[in-house]
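Visitor: I work in computational chemistry, and I would like a close look at one part of this model. Could you start from a single hairpin and then show me how the rest is built around it?

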Amino acid sequence: MKIFQPKNLQYLFIAAFAFFFMESCKPKGTQSAATGDASKAYVAPGKYDEFYNFVSGGFSGQMAVYGLPSGRLLRVIPVFSTDPEKGWGYSEETKPMLNTSHGFVPWDDAHHPEMSQTNGEVDGRWVFINGNNTPRIARIDLTTFRTAEIIEIPNSAGNHSSAFITQNTEYVVAGTRFSVPPDDANGDVPIDTYKQNFKGNVSFIKVDSVSGNMKIAFQIRTPGVNFDLSHAGKGNSHGWFFFSCYNSEQANTLLEVNASQRDKDFIMAVNWKKAEEYLKAGKGRKQAVRYAHNTYSDKTHSATSKIETEITILDSKELADMVYLIPCPKSPHGCDVDPTGEYIVGSGKLAALVPVFSFTKLQKAIADKAFDGDYEGIPVIKYEAALHGEVKKPGLGPLHTEFDEKGNAYTSMFVSSEIVKWNVKSLEILDRVPTYYSIGHLMVPGGDSRKPFGKYLVGYNKITKDRYLPTGPELAQSAQLYDISGDKMKLILDFPTIGEPHYAQAAPAGLISKNSLKFFKIEENEHPYVSKGEGQAKVTRDGNKVHINITSIRSHFNPDNIEGVRVGDEVYFHLTNLEQDWDVPHGFSVKGANNSELLVMPGETQTLKWVPEKAGMYPFYCTDFCSALHQEMQGYIRISPAGSNVPLSFSTGKTPTPAAGKTATPATK
Amino acid sequence: MNKYLSIPSRILVAFASGALIAVFFLPAWRIDLFAPQYPEGLSMYIWINKLSGDVEIINGLNHYIGMKHISADMFPEFKYMTYVVIFFMALGMTAAITGRRKILLAYIIATLIGGLLVLYDLYRWGYDYGHNLDPKAAIQVQGLTYQPPVIGHKRLLNFDAYSFPDAAGWIVVGAGSLCILVWFSEWFINRKKNKR
């Protein structure tokens, strides 16, 4: 039994120790608390946030409004997707907003909001945002926080490199992610004829400087590639627009492999002032197309949808000095221009560096004709000739870059899940901070304008995993707020978002809050079925259509007893909210209606269509808790069988009287 | 010099070679991968005859860098390792039953050679996976290969890779060490006896 001598036991201890040591080599969980002063994200109850943050709702199709630094959700603005809560796409007035050349489309994928600018500074008037799937651009009015206009983009598919603007909101652009056969060509061609038949397009949409109304001024026809993102030149480079593009291989299948083969794809530089000259000189070609243009009026409280039929094409192959290509490594994604307008940052999502191009060098390269041949007729500038320099070893998977006012850039790294801060001029890396997890877009208030507010930075992540309480397979989407006022970036807050957040914008609250509308003036209401007072409430029959001009005021509807409506009738409740005070919306819903509710703001009229299918008694009520007697705010509509001779009648507070002729006399009189 | 082992030594050798049966029930090796977006980690367990763990998730990630799809049928080792282990167990038991020191020595030398071969085999496979990448891979970083560490830690792009023996592997190491300890204690005791 000599083996159990103390001396021998020593070896066993050593072995056991080695075992535990090796096991403990593995990293601790990367779950991390805030690194900075978390109280910086605290906004006391009753206090306002410093910034409005407009965040794309991704596949929700909407846009969310948050306060910064608190991360409090203030509102979800319905844009491309129906929203039964607000009656968006359900009320007769809003349905035309979702009309397209393909008919009514109830959903889209909204990616990149961009605020209007004046002289390169955010002016707080409108937010533009793209609908990716059925290509559209929407304009949101920041007095009402509602979608005011939606324009469809022809010759496009996957409207991704949109909706970015020029420095005085002269144009909002839309670039096609998928190249497709043009709308007037036969699209019924073999898919593998991509190289012959598929074309790219970038659209320049003119924005009226007063009304904000959009009109497609021209489209630039390009070789068939995928446009990813874009940003306008500013300052010196005002007059130019830069688009990142990938799939210069022109693959039509398995793009994850086939579109990743070339060492360099392109940043496309467009001289849009030159394009304007060509347009003026009549160098454009008219093309017959069909696209919807929908506008919402705050006077009639209704949308109209018009199908436009023509567009002007400027061909990049035929018109010289308008379009150039700058080689950019490995499938560039983000295409960002610094506040001075001199530096253009391309982020090759598969590249191991971030190239920064110089606008001055680009101009020189063009003047010197420092070209490396051409790509389908477009001059390709020599990479080095336009290059300011490369950010070396920035991290893995660079995607997007935003800027502060101190000459720093912040680039999101998807694969290595971090934000990297670097100096735009010296290209030196200054700081890096982890994100949880896999950041996509990032945003500094005003960070893509000439005047950034480099106090906060928000990262919009693609993966949340263990950051929040689990909610089944589908987890919270997340944003993370960083304090960037000092030399080091500091995480101060996590907050969940709607949909999947892509790009975002933010502006000082004062710029926007001062213009926020409190209610609509009833005397300015031009809705054809408005009731400007309870005395104007009425029910009229026009064949099988029954129009009910109904009013709401705390705490009753007028009328609240309606009879003489029959199965087979189309019933239209035109509800006018007579209130003229802040924060008194009224809602409206009818039992069994195959429709949503209405949510009507003071001074506004909205219409709910209902086709009753069964005779019986149908209650309706106010859905928005409006007063102490909200629960009393209700009524009945009696539905009689088809062919019934129950006379049309309506009333409030009285026994119903029979209707005379086609129009019933108000019983309250 | 005494040709035979003492009874306690024979019991320990029998115990050590019997313990090898663990490799049929427990994984021998593990590779753990941690990345910012995989804080919980991804683990691949290597048994003597199969793979388990997050192999498919790891394959899904590896395809970006053009690594071959990892599957059990690519490793001929899985077909014969069972017999190798049975051979080792039999050899150890023979040493214990016969009590012959020479057989124990042969067993120890075979174990050491076997261990080195296993490490070489891991290196060889790691080299193959890390270097023979699809030239059409989406992510290609100049000069970078993705050979996992044979043992210990290595940074591969955004992943921290850790390679260590797992439970059965440690049991094999423990069993081998025990036999070596037995050998040395026998040698030590004998030397004292001879001195006397």
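Guide: Happy to, and let us begin at the turn of the hairpin. Strands β6(A) and β7(A) form a hairpin with 2 residues between them, and A:N119 in that turn has a positive phi of about 55 degrees. Please keep in mind that this is a predicted model. The two strands run antiparallel, with 4 bridges joining β6(A) to β7 (residues 121-131) of chain A. One position to pick out in the viewer is A:M115, which stands opposite A:V127 in β7(A). Strand β6 covers residues 114-118 of chain A, and 4 of its 5 residues are buried, so it is largely enclosed by the rest of the structure.

What surrounds the hairpin is a chain with 7 helices and 44 strands. The C-alpha trace of chain A spans about 100 × 90 × 50 Å along its principal axes. Of its 669 residues, 52% are buried. Among the contacts in chain A with a separation of 6 or more, 62% link residues 24 or more positions apart. The domain assignment splits chain A into domain 1 (38-513) and domain 2 (529-651). The C-alpha centres of domain 1 and domain 2 of chain A lie 43 Å apart. Between these domains of chain A, 9 residues of domain 1 are in contact with 12 residues of domain 2.

Another strand to visit is β11 (residues 200-207) of chain A, where A:N201 has its place. A:N201 counts as buried, with 26 C-beta neighbours inside 10 Å. A:N201 and A:R221 are 20 residues apart in sequence, yet 4.8 Å apart in space, C-alpha to C-alpha. Leaving out residues up to four places away in sequence, A:N201 touches A:N155, A:S156, A:T176, A:Q219, A:I220, A:R221 and A:T222.

From there we can turn to the nonpolar cores. The largest has 130 residues, of which A:I205, A:I267, A:V270 and A:I326 touch the most other members. Strand β14 (residues 240-246) of chain A gives the most to this core, with 6 residues. A second, separate core has 34 residues, including B:F34, B:I48, B:A95 and B:A168. Returning to A:I326, and leaving aside neighbours within four places in sequence, its contacts are A:F266, A:I267, A:A269, A:F357, A:L362, A:I381 and A:A386.

Further along chain A come two open sheets. In one, 4 strands follow the order β25-β26-β27-β28 (chain A), with antiparallel pairing. Strands β25 (398-403) and β28 (429-434) of chain A stand at the edges with a single partner strand each, so one side of each has no neighbour in the sheet. From one strand to the next, the twist averages 20 degrees. Inside this sheet, β26 (residues 408-413) and β27 (residues 418-423) of chain A pair in the antiparallel sense over 6 bridges, and A:N408 stands opposite A:N423 in β27(A).

The other open sheet has 4 strands in the order β29-β30-β31-β32 (chain A), again with antiparallel pairing. Here β29 (439-443) and β32 (490-497) of chain A are the edge strands, each with a single partner, so one side of each is left without a neighbour in the sheet. The twist in this sheet averages 25 degrees from one strand to the next. Strands β30 (residues 456-461) and β31 (residues 477-483) of chain A pair in the antiparallel sense over 5 bridges, and the bridge partner of A:V458 in β31(A) is A:L481.

Chain B makes a good last stop. Its helix α5 (residues 167-195) has 29 residues, which at 1.5 Å a residue should span 42 Å; the end C-alpha atoms are 42 Å apart, in agreement with that. Buried residues in α5(B) are B:A168, B:G169, B:I171, B:V172, B:A175, B:G176, B:L178, B:C179, B:V182, B:S185 and B:E186. As for spacing, an α-helix has 3.6 residues a turn, so residues three or four places apart point the same way.

Two of these helix residues lead us to B:L20, found in the loop between α1 (7-19) and β1 (29-35) of chain B. Setting aside residues up to four places away in sequence, B:L20 touches B:V85, B:F88, B:M89, B:V172 and B:A175. B:L20 is buried, with 20 other C-beta atoms within 10 Å. B:L20 and B:I86 are 66 residues apart in sequence and 8.6 Å apart in space, C-alpha to C-alpha.

Definitions and conventions:
Residues numbered from 1 in each chain as written. Chains lettered and ligands numbered in written order. Predicted model: local features only at pLDDT ≥ 70, side-chain atom pairs only at ≥ 80, totals over all residues. Expected span 1.5 Å × (residues − 1). Buried ≥ 20, exposed ≤ 12 C-beta atoms within 10 Å, placed from the backbone. Contact = placed C-beta atoms within 7 Å. Pairing = 2+ DSSP bridges. Axes fitted to C-alpha atoms, helices over the stretch in contact; angles between N-to-C directions. Core = buried A, V, L, I, M, F, W, Y, C linked by C-beta atoms within 7 Å. Domains from an automatic or database assignment.
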